[in-house]
Amino acid sequence: MTGRTVAPVITTLTNFEEAAEYAFTGKGMLNASDLDKVDTSAKRLAEEMHHAEDVSVVSLVDNILETALKRRASDIHFEPQLYEMVVRIRIDGVMHPLTQIPNDTKGGVVSRIKIMGDMNIAEKRLPQDGRATYRAPTESVDLRIAAIPTVYGENITIRLLDESMHEISLSELGMGEQELQVFHQAIARPYGMILITGPTGSGKSTTLYSALDELNTPSVKIYTVEDPVERKMPGILQSQVRPKIGLSFPSALRSLVRSDPDVIMIGEIRDLETATIATESSLTGHLVFSTLHTNDAASTVTRLSEMGVPPYLIASSLECVVAQRLTRRLCFHCRKKEQLTPDQMTKSELAFFASAAVEIYRAEGCRHCFGTGYSGRLGIFEVLPATEEMRRLVMNHATADEIRHHAHSIGMTSLRADGVKKVLAGATTVEEVERVTA
């Protein structure tokens, strides 16, 4: 009768009456100005599609991606400002300016990136996420794209996930001999919980993948639940959480425990439910790895307690805590050796070395490191094993300071002390260690 395709829906009588009134009394009819708006919107969308496919825009985005890859960047930030869009890249944890895009081009650049990430270019009011694979002439890299509206337009952040960056063995992480031995003993246990802690971007995932790579043998069944899966590992079953369809960390973990795993890796403990399942799983014959956001190893216990995990579960399940940071590694092509005496030291250097004369290296800058003086990153660590005394302290609701005091009494090297060792070894600088451990 209508000559149109009919889409049947289920509704209530009230909603039907409201819809009928809206449709047949003129309330829902478009006036001329509304039609103009629709036409304008459609024209604008067509223009954006045209700009996104423009050769100059495509070339500009490709050049930015290739430059970021050559300079070993981990993230690219497209930041809209009043008169232009500023592009910055994060290299070894530090932001560097790259270029500026004029306002008449930034719309096309944003649309181009959103098309690459299979995102809705017409939606500019809400945050969006996307992903893509970029194939450069010499390599391919996974892109995670995030768009968020700001007062001057959409801010786009692209994370570059180069799988080769994660292929680092435990011995290459930068742990000292003593710390590495303690960590090896912990991951060799048949069950228990091992936590890697630190802020975002401190290399926790790399440490987890290195540990799993060492455990990955035909006799061991390993499952992971991640958000997102950053590195695909042969021989390991990996799941990515999808909250929109109900696949959260807790729901995935409940199923995993029934799938006969030997080792479980949880991308991050974010809430009480995930923490409880993780601790209980570690008590039922599973070796559980996960990450947590705390400032140091000793604070991990109090963080779990604040989440609501009972002390007896923490004391029984926890086997080892590794706190870590990433400092920039000195470029070996241009670093400069310097003899320092106490009267030449800055306040920071005096705090690091007291009144002892030392030999250190300074950052200079050359073509190999793009003038920064640094190339690559280096981990600094503190590794806290769960001793009987620590378990007793946990059961007695000890504070982080009490656990920290116990950790130092059994010989744990703090993050700052491990950083000093690496400064004296010529691997990094006082400024870098102070930046990440302040």
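## A walk through the sheet and two helix pairs

Start by selecting T224 in strand β8: it stands opposite M265 in β10. Keep in mind as you click around that this is a predicted model.

**Stop 1: strand β8**

Now widen the selection to the whole of β8, residues 222–226. Is this strand enclosed or open? Five of its five residues are buried, so β8 is largely enclosed by the rest of the structure. Colour the two faces separately if you like. I222, T224 and E226 sit on one side, Y223 and V225 on the other, and both sides are covered. That split follows a familiar pattern: in a regular strand the side chains alternate between the two faces of the sheet.

**Stop 2: the neighbours of β8**

Bring in β10, residues 263–266. It pairs with β8 in the parallel sense, over four bridges. You've already seen T224 opposite M265; step along to V225 and you'll find I266 as its bridge partner in β10.

Next, add β9, residues 237–240. This strand also runs parallel to β8, and four bridges join the two. For a landmark here, pick E226, which stands opposite Q240 in β9.

**Stop 3: the whole sheet**

Zoom out and show every strand of the sheet. In what order do the strands come? Reading across, you get β9-β8-β10-β11-β7-β12-β15, an open sheet of seven strands with mixed pairing. Look at the ends: β9 and β15 (374–385) are the edge strands, each with a single partner, so one side of each is left without a neighbour in the sheet. Tip the view to look across the strands and follow the twist, which averages 20° from one strand to the next.

**Stop 4: strand β12**

Select residues 318–330 for β12. This strand is mostly covered, with 12 of its 13 residues buried. How do its two pairings run? With β7 (residues 192–197), β12 runs parallel, joined by five bridges. Click T197 and look across to A323, its bridge partner in β12. With β15, β12 runs antiparallel, and 10 bridges join them. Here the pair to pick out is Q324 and its bridge partner in β15, F381.

**Stop 5: helices α3 and α4**

Leave the sheet and show α3 (residues 55–70) with α4 (residues 103–116). Their axes come within 9 Å and cross at roughly 70°. That makes α3 roughly perpendicular to α4, and the crossing is right-handed. To see the contact, turn on side chains for V57, V58, L60, V61 and L65 in α3, which meet T105, G108, V109, R112, I113 and M116 in α4. By type, the residues of this contact divide into eight nonpolar, two polar and one charged.

**Stop 6: helices α14 and α15**

For the last stop, select α14 (residues 415–424) and α15 (residues 430–437). What is the angle between them? They pack at about 165°, with their axes 9 Å apart. That makes α14 roughly antiparallel to α15. The crossing of α14 past α15 is right-handed. On the α14 side, show L415, R416, G419 and V423; they meet V430, V433 and T437 in α15. This contact breaks down into four nonpolar residues, two polar and one charged.

Terms used:
Residues numbered from 1 in each chain as written. Predicted model: local features only at pLDDT ≥ 70, side-chain atom pairs only at ≥ 80, totals over all residues. Heavy atoms only, no water. Axes fitted to C-alpha atoms, helices over the stretch in contact; angles between N-to-C directions. Parallel < 35°, antiparallel > 145°, perpendicular 65-115°, else oblique. Left-handed = near helix turned anticlockwise from the far one by under 90°. Contact = heavy atoms within 4.5 Å. Nonpolar A, V, L, I, M, F, W, Y, C, P; charged D, E, K, R; others polar. Buried < 20%, exposed > 50% of the residue type's maximum accessible area, 1.4 Å probe, protein only. Pairing = 2+ DSSP bridges.
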